[in-house]
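Subject: the two-chain model

Hi,

Here is the model I promised to pass on. Have it open while you read, and my notes follow below.

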Amino acid sequence: MNQVELLINQFLEEARNPKQTVTNVMVSTGKKAFGCFPIYVPEEIIYAAGVLPVGMWGGQTQGSKVNAYIQSFCCSIMRANMEQGMAGTYDFLDGIIIPTFCDTMKAILANWPVAVPHVKVIPFVYPQNRTSEYSAQFLISQFRNFQSNLENLLSKKISEADIENSFLTYEKYRVAMREFVELVNYYPKTLNPKIRHMIIKASNFNDKAVYTKRLRHLMESIKEMPQERVHGPKVVITGLMAEPEQFLDLFTENGYTFVADDLAHESRQFRTRARSEGTAIEKMAYRIIDLRGCPFFYEENKSRGTLLKTLAKKYNADAVVVCMFKFCDPEEFDYPVYKNELDKDGINILYLEIEQQMDSVAQLRTRIQSFSEMIMNEIN
Amino acid sequence: MFLGIDIGSSSSKAVILDMEGNILAQEVVNIGTGTKGVELVLEQIFKATNLQMPAFKYTIVTGYGRMTYIGANMQITEITCHAKGVSYLYPKARSIIDIGGQDAKVIRLNVSGQVENFQMNEKCAAGTGRFFEVMARVLNCGINELSNLAGQGNDSVPISSVCTVFAESEVISQLATGASRQAVVKGINQSVAKRIVGLCNRTGLVPDVIMTGGVALNHNMVKALEEEIGMPIIIPESPQTIGALGAAVLAREKYINNLKNKTNY
């Protein structure tokens, strides 16, 4: 096994075993851990408190306890989080933060204190309308409220200097992530769809400073290799998240390259650059104000279609792959709007309805393979 | 000789083409993946043609069970194979409605007969052959009898649910309130037709429209679908074997291309 494979395998191992990874990081850094529900949370403030932020993006859990609180037709990520919470998976966390981006999250916020009372929750409200300066000021006040709640929960003061340093750490992480998703275009075989996803996923369970250093090491090692080409469709992938692993394997098997993504779990976390002026808290707020093309925030003139078209053109993509999580309202409401725009520009769309926990991917295999056959026209 | 095999969810099909691309034989066995269906259909077609596996220059397998069959040179999806099979028989075809045992697909072809767009039903069995199997069981008749039953009158009762489970309850309720079996079957056909139209609209239907798959044998269902889409539907002589035919046609093309490449080399 060469150096690159070793480094990649470590990330794979971490992405596949979140709890073990977090435990290892807690032992090696001496930090406590704090859970972060999707989609966006002020991780920088948690990190500034000397605590490890842990991304809570569901898992391969199919239990029955959650049915008492969340219906079976709700988002599989949220159901998995709740189930795992009730099963004691998150008992080691010092608390969690739940933002209210959708109806299911609002329901979880109300149910969590009853279902999992021993894991304390701090709620967080992002401004939906982000067109006025008041939105930024509201968000800043929310960050300060969260800081205060967190200080009380941890019995620890968080200094401004700690927040500034934490923000810098996260900015370095975001720069590295942007470079990483770009690098995939030159090494689509080594960084195939599954590996690409798993490396990004591993960041949820690691200390960001250490993770960034390791990711940079991996990228440098990869750059020493000759560039690669795969024979298959080049696509921009969009949606909430692209999981499970066997779903991503289907893309790899059919030679797809994810030339860019617009996934909430991936690039939406790090694609928006921070403004250069202001304090760390202000920069954090304006990053959210400046974020475009995300259905979890209100945009009167929806820019997601333009964003997808721009990505498709920039990377010469053959198509846009839509990963539609059942039954994610914000994503579903957005689809007809950007589909129209993509159709007008003649950009192919592969629409895939998925859940995080899927036992069978046979139908998806047919769609993904057929789409590849159609695009590549290698058979006809 | 070239062999195309289509291992579906509820039936197995095989087609043999000769070196000139003429159909030599085609067979259907009504059991699909995970059973001895593929062995049986090959046994039948070999018996009918006096051929054995070594006689085939190239074999392509398609269908739901394609990933687990190891006797072929290549596996290709049923969408590409149906497109190839249909355009082999109907060069002017631009749309395909394929309703098989477990899924329903609508495929749009370009003028060259290549796949331009396609849509498949989701995991649920609504609007597929399995839906009709469940309904036939409730109505205490064979699946093959459904078409004749629907043709016995003009009445129909609405079956509003497209979900197989809910529709089953609805059918039982209709029968309990005195609706005739004929009217219920007609209602079932209309319900499925409405479901398929959704897929057609998402794909964009262009004539000539060809229907393939086992459900195409249900003439009253085809009629209900024609009324919904407002276009005539052409049914091939053997709608179940179109996927296998496409696989055989592709096998022949693949062999010829390989040969050309070798010669050029």
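What follows goes through chain B, its contact with chain A, and then a sheet in chain A.

First, the housekeeping. This is a predicted model, so I should say that local features need pLDDT of at least 70 and side-chain atom pairs count only at pLDDT 80 or more, while totals for chains, interfaces and linings use all residues. Residues are numbered from 1 along each chain as its sequence is written, and chains are lettered from A and ligands numbered from 1 in the order in which they are written.

Domains of chain B

The domain assignment splits chain B into domain 1 (2-85 + 241-264) and domain 2 (91-235); such bounds come from an automatic or database domain assignment. The C-alpha centres of these two domains of chain B are 27 Å apart. Their contact takes 11 residues from domain 1 and 15 residues from domain 2, where contact means that C-beta atoms, placed from the backbone, lie within 7 Å. On the domain 1 side, H2(B) gives the most, with 4 residues. That side has 4 nonpolar, 7 polar and no charged residues. For those classes, Ala, Val, Leu, Ile, Met, Phe, Trp, Tyr, Cys and Pro count as nonpolar, Asp, Glu, Lys and Arg as charged, and the others, Gly among them, as polar.

The sheet in chain B

In chain B, 5 strands make an open sheet with mixed pairing, ordered S3-S2-S1-S4-S5. Helices (H or I, at least four residues) and strands (E, at least two) are DSSP runs, numbered from the N terminus, and two strands pair if DSSP finds at least two bridges between them. Strand S3 (23-29) and strand S5 (74-75) of chain B are at the edges with a single partner strand each, so one side of each has no neighbour in the sheet. Helix H1 (residues 37-49) of chain B packs on this sheet and touches S1 (2-7), S2 and S3 of chain B. The direction of H1(B) makes about 145° with that of S3(B), with axes fitted to C-alpha atoms (for helices, over the stretch in contact) and angles running from 0 to 180 degrees between N-to-C directions.

S2 (residues 12-17) and S3 of chain B run antiparallel and are joined by 6 bridges. B:Lys13 sits opposite B:Val28, and B:Val15 has B:Gln26 as its bridge partner. The hairpin of S2(B) and S3(B) has 5 residues between the strands, and there B:Gly21 takes a positive phi near 95°.

Where chain B meets chain A

Here 15 residues of chain B are in contact with 12 residues of chain A. Helix H2 (78-89) and strand S8 (115-120) of chain B are the elements giving two or more residues to the chain B side. H2(B) gives the most, with 4 residues. By class, the chain B side divides into 7 nonpolar, 3 polar and 5 charged residues.

A sheet in chain A

Chain A has an open sheet of 4 strands with parallel pairing, in the order S6-S5-S7-S8. Its edge strands are S6 (257-263) and S8 (348-354) of chain A, each pairing on one side only. From one strand to the next, the twist averages 20°. S5 (residues 234-239) and S6 of chain A run parallel, with 6 bridges joining them. A:Thr238 has A:Asp262 in S6(A) as its bridge partner.

Cheers

Note on methods: Two residues are in contact if their C-beta atoms, placed from the backbone, lie within 7 Å.
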